[in-house]
Amino acid sequence: MKKTIQQINHKIKDGKANILTAEEVTQLVMGGDEPTAEDVDVVTTGTCGIMSGTAAIFHIPVAEPGTFKKAKSILLNGVPGFPGPCPNEWLGSVDLMIYGTAHSINDPQYGGGFLFKELVSGKEIEIEAEDFEGNIMKSTATLNDFGTAQLIGTRSAFKNYTAFVNPSPESVKSIFNAVKMDGPFKGITFSGCGELNPLQNDPQLNSIHKGSKLLINNSEGLFIGTGTRSSPEKPNMMITADMKEMDPHYIGGFRTGAGPEVYNSVATAIPVLDDNILQHTFVKNEDISLPIADIRGRHSVLSQTDYGVWRDVDERPTYEESLCQRCETCLVEDRCPTKAFQNHELNKVRCFGCGMCVYSCPFSSFQMETGTVSMDWKGEIKTLDVICRQSDIKRARELARELKNRIINGEFIVG
């Protein structure tokens with residue numbers, strides 16, 4: 001059976017379209033069903049995780065017109081940006097770009113991702129600009145004061161990722177773990193949302209094409225094309241959306257062993273034009289390969305596992321306050337990547353479900369099933385606990401369902 005985008009959108013308008021999330025399709029298949037293109041019209045996907053290739057383009061007021069000619073440098077909450085390319089001579093405003101991975105000059109644990117979340121949350125931020133004559137201008141602003149706030153993902157939502165272990169006895173700093181990774185083989189960290197991931201369901205880009213609409217942090221955006229480091233075997237997405245329309249729940253900072261990073265959430269709609277497109281969405285976590293590499297380099301693949309690591313695990317931890325010993329230095333508060341645990345309180349909205357609290361607390365105050373991985377190491381089978389999940393399956397599921405509901409309600413046109 002062959003359908004067109006127009007036919008699918010007509011069915012949606014008439015309330016007759018069958019729209020499923022990628023996980024719902026997989027559950028049907030695992031239950032013994034084999035749906036066809038006649039049965040399903042749209043499949044929604046989702047992912048949430050660290051996306052290092054994130055940047056924001058801003059146009060912001062700094063001072064009154066005529067105050068300075070053009071900016072040489074600029075800081076937003078201490079996070080450095082890059083002024084230009086437009087000089088905006090004597091206009092009192094600055095065009096700039098800020099990386100999601102940029103680190104504050106004042107606080108090594110604060111960076112672009114945390115700044116973006118505060119902006120999207122409507123919080124006031126501090127601006128400090130220096131012009132070429134050495135004059136310093138200080139001001140404050142909220143996102144509503146910005147003329148432009150456009151997020152760019154230069155490489156987002158990779159089809160597949162890599163898991164990491166540390167086979168050496170020395171601790172290793174890395175962006176792939178929330179803290180220095182202990183070894184040897186003290187645990188495993190991974191990224192990617194498996195069977196729910198957008199490009200895992202459309203690996204050949206049969207439905208997602210340049211100009212396709214998607215959701216980025218719940219803001220309707222565009223797929224520009226494949227991003228940097230994309231390849232046919234491991235594609236990714238270059239995407240963009242207006243930050244003023246974003247939901248702060250889906251974007252934020254994530255502290256790693258190498259400093260703060262940024263996480264985003266992305267959802268796509270796959271119009272099911274034929275059976276071939278639908279069959280790609282039948283993918284199961286257990287069928288998706290997950291290479292295990294040395295934390296000291298992605299090139300050094302040690303073994304293989306699969307995304308079955310997402311099966312039968314908890315989305316969020318529980319905090320047993322009665323077990324908390326009120327340590328003078330709380331390892332969980334010190335390490336929590338999203339600062340979700342503060343003053344002996346767990347903020348489940350800010351929580352990322354990474355598992356670092358479970359790994360860190362010596363008194364088992366936190367409980368969460370994060371999964372285990374078995375790997376073959378030189379003929380020996382090692383069973384490793386997942387100590388850090390750098391993707392959030394809960395947010396991914398929420399955004400995939402949000403997109404499904406938008407389509408059903410006629411708020412998102414597929415195509």
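User: What volume does the largest pocket have?
Analyst: About 360 Å³. A pocket is an open set of points on a 1 Å grid over the protein atoms alone, with protein on both sides within 12 Å along at least five of seven lines. The volume is the space filled by probe spheres set on the points, which are joined across faces, edges and corners.

User: Which residues are closest to its centre?
Analyst: Ser52, Tyr161, Phe176, Arg229 and Arg298, out of 20 that line the largest pocket. Lining residues have an atom within 4 Å of a point.

User: Is this model predicted or not, and how are residues numbered?
Analyst: It is a predicted model: local features need pLDDT of at least 70, side-chain atom pairs count only at pLDDT 80 or more, and totals for chains, interfaces and linings use all residues. Residues are numbered from 1 along each chain as its sequence is written, and side-chain values use heavy atoms, with hydrogens and water left out.

User: Which strands supply at least two residues of that pocket's lining?
Analyst: Strand S2 (42-50) and strand S9 (148-156). Strands here are DSSP runs (E, at least two residues), numbered from the N terminus.

User: Now cavities. How many of 30 Å³ or more are there?
Analyst: Four. In a cavity, a 1.4 Å probe fits but cannot get out.

User: What about the largest cavity: what volume, and which residues lie nearest its centre?
Analyst: Its volume is about 130 Å³. Cys324, Cys327, Cys330, Val332 and Cys361 lie nearest the centre, among 16 lining residues.

User: And the second largest cavity, what volume?
Analyst: About 90 Å³. Cys336, Leu346, Cys351, Cys354 and Cys357 are the closest to its centre.

Definitions and conventions. Helix = DSSP H or I, 4+ residues; strand = E, 2+ residues; numbered from the N terminus.
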